[in-house]
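The following note sets out points on packing and on charged pairs for a colleague's consideration. Please read it alongside the coordinates.

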Amino acid sequence: MPGGRLTQQERQQIALGLGDGLAYAEIARRLDRPTSTVTREVMRNGGPTGYRADLAQRATEQRTRRRRQATPRGSGASPQPHGRDAEAVKEYEEVFTTVMMASGTPRMMARVMSCLYITDSGSLTASELVERLQVSPASISKAITFLESQGLVRRERDERRRERYIVDDDVWYQATIASAQALVQVIETARQGVGVLGPGTPAAVRLENIARFLDFIGESTTRAAEQAREILYVKPRAAADDLEEQSPDNG
């Protein structure tokens, strides 16, 4: 597949494809581009309903100018541990952010989560996030407040009394449990409606079915999360040992 940035003509084709109701994968196939490229392009420039080729082109040019202006402040891409390709890591971070946005996570919150996810320690301070993402401290604070409310990050003080934001290894377990617990209020409210609207009436039956459905989903989700946490959780060292055992040098 061809590399390089999208051209203005390609952006126009993306806009036409969106107007025709085509899926990202189909638009990407017609452009001979990765689906992730098209997805990221659309999500960072207004989404499927607000995408405009001319505005996307202009925004890209502005981002390019800002990057060039910011270059003297550093020495290019940050050094990467474990021999990682810095450009490949940056590209992956953008793809991960785009996928999270497509699932409904607001853009800044998705950027912060992606940044934390791909950090080996899973922990960064506010100033580190500001430096990495080149955004204001207020933007980081707002994103962290939202993510913390969803059970996706937690805060703690390090030895220098700095506040650190952390994603635990079982962050998705915690978020899944929190999501299941959030259904409880909906279930209780739906069942209250049964009494108000009169048992057996169409509206009451509808609400009772909603309550039963969500009750079943909540219990199943909690049970599955508990089982997955116990069975599937792999620590980094164990994962590395597995890879070593599978290495040809080890027979």
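1. Val112 is a convenient starting point in this predicted model. Leaving aside residues up to four places away in sequence, Val112 touches Leu129, Leu133, Ile140, Ala143, Ile144 and Leu147.

2. Val112 also belongs to the largest nonpolar core, which has 25 residues; together with Leu129 and Ile140, Val112 ranks among those with the most contacts inside that core. At least two core residues are supplied by each of α6 (86-102), α7 (107-117), α8 (126-133), α9 (137-149) and α10 (171-197). The largest share, seven residues, comes from α7. Apart from this core lies another, of 10 residues, including Ile14, Leu18, Leu31 and Tyr51.

3. Why can α7 be described as largely enclosed by the rest of the structure? Nine of its 11 residues are buried, and therefore the description holds. The buried residues of α7 are Met108, Met109, Ala110, Arg111, Val112, Met113, Ser114, Cys115 and Leu116. Their packing partners are the helices α6, α8 and α9 and the strands β1 (123-125) and β3 (163-166).

4. Turning to charged pairs, a search of the whole structure finds 15 salt bridges. One of them joins the side chains of Arg33 and Glu10, with an N to O distance of 3.0 Å. Because Arg33 lies in the loop between α2 (24-31) and α3 (35-43) while Glu10 lies in helix α1 (residues 8-19), the pair ties together parts 23 residues apart in sequence. Is each partner buried or exposed? Arg33 is buried, at a relative accessible area of 6%, and Glu10 is likewise buried, at 13%.

5. A salt bridge also forms between the side chains of Glu128 and Arg164 (3.5 Å, N to O). Distant parts of the chain are linked here, since Glu128 sits in helix α8 and Arg164 in strand β3, 36 residues apart. Glu128 is partly exposed, with a relative accessible area of 25%, whereas Arg164 is buried, with 15%. With buried defined as under 20% relative accessible area, the two partners fall on opposite sides of that cut-off.

6. The side chains of Glu148 and Arg155 meet in a further salt bridge, at 2.8 Å from N to O. Glu148 is partly exposed, with a relative accessible area of 33%, and Arg155 is partly exposed as well, with 30%. Elsewhere, Arg191, Glu208, Arg212 and Asp215 are joined into one network by salt bridges that share partners.

Conventions. Residues are numbered from 1 along each chain as its sequence is written. This is a predicted model: local features need pLDDT of at least 70, side-chain atom pairs count only at pLDDT 80 or more; totals for chains, interfaces and linings use all residues. Side-chain values use heavy atoms; hydrogens and water are left out. A nonpolar core is a set of buried Ala, Val, Leu, Ile, Met, Phe, Trp, Tyr and Cys residues joined through side-chain atoms within 4.5 Å. Buried means under 20% relative accessible area, exposed over 50%, partly exposed in between (1.4 Å probe, protein chains only). Helices (H or I, at least four residues) and strands (E, at least two) are DSSP runs, numbered from the N terminus. Contact means heavy atoms within 4.5 Å. A salt bridge is a side-chain nitrogen of Lys or Arg within 4 Å of a carboxyl oxygen of Asp or Glu.
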